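Happy to walk through this one with you. Shall we take it question by question, starting with the sheets and ending with a few single residues?

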Amino acid sequence: MSTPVFDVPVIDVAPYVRGGDARSDVDCARVARELDAACREPGFMQIVGHGIDGHVLDGLAAALDEFFALPLGDKCEYRREPAANRGYSPPKSESLSMSLGIANANEMKDYYEAFTVGTEASWFPGLGLPENGYAHNNWPVGVPGFRAGVERYFAAAQRLARIMMRAFTDALGLEPGYFDSMTDHSIEVLKMNNFALPEGDIEISGELTGMGAHSDFGILTVLWADQVPGLQVLGRDGIWHDVAPADGALLINLGDAMARWTNDSWMSTVHRVDPPIRDGRIQRRRSAAFFFDGNHDAVVEPLPGARADGAPGYEPITIADHIAMKVAGLRAGVAPRGDLREAARVSAARGSA
């Protein structure tokens with residue numbers, strides 16, 4: 001029996017980058033339809049025409065290389081307490097599958113290392129935002145190009161995430177600006193990952209986990225990744241499928257908040273990273289995930305009319321409470337509570353295509 005084809009759509013979002021909308025621009029209307037189809041099946045997409053210049057992407061890659069090349073002891077100087085979600089995370093300090101309450105089969109944490117930056121409370125004066133969601137950044141000193149390269153990409157990803165929200169609003173048939181009051185002081189995080197096994201000939205147990213199966217916690221994710229294999233997406237067919245970005249493309253996936261708003265008409269994208277091996281040799285792999293999560297106090301519950309087929313809705317929860325619940329699994333191994341439909345999908349998965 002042949003394996004179903006898993007097609008990751010490539011969508012040109014340039015009409016929205018130019019400032020159009022589906023009500024006045026036929027090209028935007030077409031893009032909105034393509035986005036809706038991609039969000040329903042397979043729930044993952046590549047975008048081109050995103051407006052982020054190549055030199056900005058190159059600067060991000062150079063920043064990652066510059067920081068992760070430091071000795072481990074130097075990098076560990078930039079560790080922060082887990083609740084802050086800023087700074088350096090060494091290899092095997094996180095277990096992403098536990099954000100779904102699923103322990104790794106070999107009880108070993110994920111082998112990637114990461115550096116995380118994000119929005120700070122000081123960026124939104126007068127709102128009294130909580131420090132645990134809007135912590136100050138822990139920029140490394142003595143790494144000359146790191147901060148500038150990361151900040152340029154962060155600003156570009158912020159703009160793109162808001163463009164995608166306008167497009168998603170059209171794709172869902174909602175009034176323009178529907179999500180504005182839920183995203184005007186959004187928690188936004190850039191997590192830069194380095195899959196930190198040495199390159200070369202190596203024997204790897206099939207149980208070694210690069211990044212465990214998980215869904216992202218917020219609304220949407222803008223993912224830059226190099227073209228080294230390893231990323232896999234769980235399709236609606238229950239099979240893990242390999243995904244690699246096309247030249248110049250960024251990957252977009254949906255997070256838990258969007259799944260809950262749409263009552264799973266648009267499902268949260270479950271994904272993982274296996275050890276990147278080609279021809280018996282492990283390869284270094286890099287990625288940078290920009291998480292557009294929404295306001296800490298935004299309440300996530302099904303939109304009016306979501307899933308009119310009678311499917312049960314999700315219980316309301318704030319963005320902050322949902323993120324805290326998932327991070328407790330990721331960092332402390334505390335299994336999340338509540339309705340985690342993504343965990344059931346992982347448990348029912350049937351292996352790789």
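What follows is a set of questions and answers on this predicted model.

Q: In what order do the eight strands of the open sheet with mixed pairing run?
A: Let's start with the edges, which are β1 (10-12) and β3 (87-89), as each of them pairs on one side only. The twist averages 25 degrees from one strand to the next. Reading across the open sheet, the order is β1-β2-β11-β8-β15-β5-β4-β3.

Q: Which strand is joined to β8 by six bridges?
A: Strand β8 has β11 (residues 250-254) as an antiparallel partner, joined to it by four bridges, and there Val222 stands opposite Ile252. Elsewhere, Leu223 of β8 stands opposite Ala289. That alanine belongs to the strand that runs antiparallel to β8 and is joined to it by six bridges, namely β15 (residues 285-295).

Q: How many of the six residues of strand β8 are buried?
A: Look at the two faces of the strand: Leu220, Val222 and Trp224 point one way, and Thr221, Leu223 and Ala225 point the other way. Residues on both faces are buried, that is, under 20% relative accessible area. Strand β8 (residues 220-225) is therefore largely enclosed by the rest of the structure, and its buried count is six of six.

Q: Which residue of β5 is the bridge partner of Val117?
A: The two strands to look at are β4 (residues 112-118) and β5 (residues 186-195), which pair in the antiparallel sense over seven bridges. Within this pairing, the partner of Val117 in β5 is Leu190.

Q: What angle does the direction of α5 make with that of β5?
A: Two helices can be set against β5 here. Helix α3 packs on the sheet, where it touches β3, β4, β5, β8, β11 and β15, and its direction makes about 60 degrees with that of β5. Helix α5 (residues 146-171) also packs on the sheet, touching β2 (44-48), β4, β5, β8, β11 and β15. For α5, the angle with the direction of β5 is about 125 degrees.

Q: How far does helix α3 reach from its first C-alpha to its last?
A: Helix α3 (residues 54-68) has 15 residues, and at 1.5 Å a residue the expected reach is 21 Å. Its buried residues include Val56, Leu60, Leu64 and Phe68. The reach in the model is close to the expected one, at 21 Å.

Q: Which word describes how α3 and α5 lie to each other: parallel or oblique?
A: The axes of the two helices come within 8 Å and cross at roughly 140 degrees, and the crossing is left-handed. Among the residues that make the contact are Leu57, Leu60 and Phe67 of α3 and Val150, Tyr153 and Ala156 of α5. Angles over 145 degrees would count as roughly antiparallel, so α3 and α5 are oblique.

Q: Which strands stand at the edges of the four-stranded sheet?
A: This open sheet has the order β7-β12-β9-β10, with antiparallel pairing. Within it, β9 (residues 231-234) and β10 pair over three bridges, and Gln232 stands opposite Asp242. Two strands have a single partner strand each, so one side of each is left without a neighbour in the sheet: β7 and β10 (240-242).

Q: What is the distance between the C-alpha atoms of His214 and Lys326?
A: His214 is placed in strand β7 (residues 211-214) and is buried, with a relative accessible area of 3%. Along the chain, His214 and Lys326 are 112 residues apart. Their C-alpha atoms are separated by 9.9 Å.

Q: Is Asp170 buried or exposed?
A: Asp170 sits in helix α5. Leaving aside neighbours within four places in sequence, it is in contact with Tyr16, Asp21, Ala22, Arg23 and Ala32. Its relative accessible area is 13%, and the cut-off is 20%, so Asp170 is buried.

Q: What is the phi of Asp264?
A: Asp264 lies in the loop between α7 and β12 and is buried, with a relative accessible area of 8%. In the loop between α7 (256-261) and β12 (271-273) there is also Asn263, which has a positive phi of about 50 degrees although it is not a glycine. Asp264 is not a glycine either, and its phi is positive, at about 70 degrees.

Methods
Residues numbered from 1 in each chain as written. Predicted model: local features only at pLDDT ≥ 70, side-chain atom pairs only at ≥ 80, totals over all residues. Heavy atoms only, no water. Buried < 20%, exposed > 50% of the residue type's maximum accessible area, 1.4 Å probe, protein only. Pairing = 2+ DSSP bridges. Expected span 1.5 Å × (residues − 1). Axes fitted to C-alpha atoms, helices over the stretch in contact; angles between N-to-C directions. Contact = heavy atoms within 4.5 Å. Parallel < 35°, antiparallel > 145°, perpendicular 65-115°, else oblique. Left-handed = near helix turned anticlockwise from the far one by under 90°.
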